[in-house]
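Here are my comments on the model you sent, set out as numbered points. Please read them with the sequence and the coordinates open beside you.

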Amino acid sequence: MIMKGKKGVILGVANNKSIAYGIAKACAEQGAQIAFTYLNDSLKKRVEPIAAEFGSSDYVYPCDVSKPEEIKALKESLEKDMGKIDFIVHSIAFAPKEGLSGRFYDISKEAFDIAMDISVYSLIEVVRELKPLLSENSSVLTLTYYGGAKYIPNYNLMGIAKAALEMTTKYLAEDLGKDGTRVNAISAGPIKTLAAAGIGDFRFMLKWNEAHSPLKKNVTTSEVGNSGMYLLSDLSSAVTGEIHYVDCGYNLMG
Ligand code: 0WD
């Protein structure tokens with residue numbers, strides 16, 4: 001029971017295929033008490049049964065990260081219902097579809113701003129608002145992809161958002177280290193989720209990674225979940241500012 005006595009909030013469960021679901025499952029199995037957020041009413045219906053599965057029916061809250069008032073309200077609810085928390089999982093990204101295929105130079109400023117706001121700035125804002133609740137020995141985790149480090153076909157706008165997210169992880173790690181909070185990112189290999197469905201020719205990416213990764217397979221949500229649990233737990237107490245690849249070794253090859 002590595003996470004026994006730990007409490008935290010997971011943002012970004014859309015359904016049971018979500019990477020955040022894998023992280024929640026691994027943490028709950030190790031004894032963590034988890035709060036969940038949902039983006040909108042249609043996702044609420046999907047998140048509620050998932051929360052119930054992990055004994056968290058009393059800890060389900062709305063939070064669209066593009067609305068600062070919803071992040072503030074989340075802080076108030078968590079403070080009232082949970083008190084201090086030990087971890088935050090930020091498993092959220094969005095880019096308008098036009099930014100995920102076609103010519104890179106066609107990206108509009110409007111799409112750029114939306115992607116950066118929801119996929120990058122939200123990490124800073126969530127951490128800032130929830131900081132008063134963070135325990136002295138806490139851990140923040142976000143999710144990134146190799147397309148933020150190297151060119152990946154069609155990843156386009158999300159590639160630059162992930163590059164910014166990875167540096168945000170490092171600057172936050174430096175800033176929060178003095179307060180006892182660690183900040184890390186997992187760079188996961190491709191997994192067929194709702195978010196992935198928006199990326200042009202995603203099926204080819206899956207096949208390519210399977211064929212070319214050292215382990216000759218694609219990573220699963222539960223494998224990312226286990227690595228996430230490690231980064232949220234005290235097992236990784238000296239690890240911060242890391243971009244930890246959980247991709248069957250694919251990044252060696254690119
Ligand atoms: O191959 C993949 N699936 C990889 C995903 C490889 C490497 C990294 N990632 C990243 C994604 O970029 C993202 O940061 O993992 C994170 C989680 O993505 P996921 O698990 O692949 O996708 P999904 O299950 O769709 O969860 C992302 C969720 C949204 O789902 P939808 O499909 O409704 O966009 O992010 C949430 C939403 O629940 N989300 C928001 N939450 C709050 N406020 C917002 C928002 N404004 N926008 C999206």
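1. Overall dimensions. The chain has 254 residues, for which a compact globule would have a radius of gyration near 18 Å, and the 17 Å found for the chain agrees with that expectation. Since this is a predicted model, every value in this note should be read as computed from predicted coordinates. Taken along the principal axes, the box that the C-alpha atoms fill is roughly 50 × 40 × 35 Å.

2. Secondary structure and contacts. Eight helices and seven strands make up the secondary structure of the chain. When contacts between residues at least 6 apart in sequence are considered, 77% of them join residues at least 24 apart.

3. Burial, surface and charge. Of the 254 residues in the chain, 52% are buried, while the accessible surface comes to about 11,800 Å², with 55% of that area belonging to carbon and sulfur atoms. The side chains include 28 positive and 30 negative ones, and the centres of these two sets lie 5 Å apart.

4. Strand β4 and its partners. Which strands pair with β4, and in what sense? Strand β1, residues 7-11, pairs with β4 in the parallel sense over four bridges, and strand β5, residues 134-144, pairs with β4 in the parallel sense over five bridges. Individual positions can be followed on both sides: Val 9 stands opposite Ile 88 of β4, whereas Ile 85 has Leu 134 in β5 as its bridge partner.

5. Cover over these strands. Strand β4, residues 85-90, is mostly covered, with six of its six residues buried. For β5 the count is nine buried residues of eleven, so this strand is largely enclosed by the rest of the structure. As general background, the side chains of a regular strand alternate between the two faces of the sheet.

6. Asn 154 and the approach to α5. Asn 154 belongs to the loop between β5 and α5, and its phi is near 75 degrees, a positive value in a residue other than glycine. A positive value deserves a second look because most residues other than glycine have a negative phi. With a relative accessible area of 21%, Asn 154 is partly exposed, the upper limit for a buried residue being 20%.

7. Asn 156 in helix α5. Is Asn 156 buried or exposed? Asn 156, which is found in helix α5 (residues 156-177), has a relative accessibility of 12% and therefore counts as buried. Leaving out residues up to four places away in sequence, Asn 156 touches Gly 99, Ser 101, Gly 102, Arg 103, Phe 104 and Ile 107.

8. Ser 227 in helix α8. Ser 227 is found in helix α8, which spans residues 221-232, and counts as buried because its relative accessibility is 18%, below the 20% limit. Apart from neighbours within four places in sequence, the residues in contact with Ser 227 are Ile 186, His 244 and Val 246.

9. Leu 235 in the loop that follows. The loop between α8 and β7 (243-246) holds Leu 235, and a relative accessibility of 56% is why this leucine counts as exposed. Leu 235 nevertheless touches Ile 2 and Tyr 230, not counting residues up to four places away in sequence. From C-alpha to C-alpha, Leu 235 and Asn 137 are 12 Å apart in space, with their positions 98 residues apart in sequence.

10. Cys 248 after β7. Cys 248 lies in the segment after β7 and, like Asn 154, is a residue other than glycine with a positive phi, in this case near 60 degrees. Its relative accessible area is 11%, so Cys 248 is buried, whereas Asn 154 is partly exposed.

11. Gly 55 between α2 and β3. Gly 55 has its place in the loop between α2 (41-53) and β3 (60-62), where a relative accessibility of 53% means that it counts as exposed. The C-alpha atoms of Gly 55 and Ala 35 are 9.7 Å apart in space, the two residues being 20 apart in sequence.

Definitions and conventions
Residues numbered from 1 in each chain as written. Predicted model: local features only at pLDDT ≥ 70, side-chain atom pairs only at ≥ 80, totals over all residues. Heavy atoms only, no water. Helix = DSSP H or I, 4+ residues; strand = E, 2+ residues; numbered from the N terminus. Rg over C-alpha atoms; globule rule 2.2 N^0.38 Å. Buried < 20%, exposed > 50% of the residue type's maximum accessible area, 1.4 Å probe, protein only. Contact = heavy atoms within 4.5 Å. Areas by Shrake-Rupley, 256 points an atom, 1.4 Å probe, with all protein chains shown as cover. Lys, Arg positive; Asp, Glu negative; His and termini not counted. Charge placed at Lys NZ, Arg CZ, Asp CG, Glu CD. Pairing = 2+ DSSP bridges.
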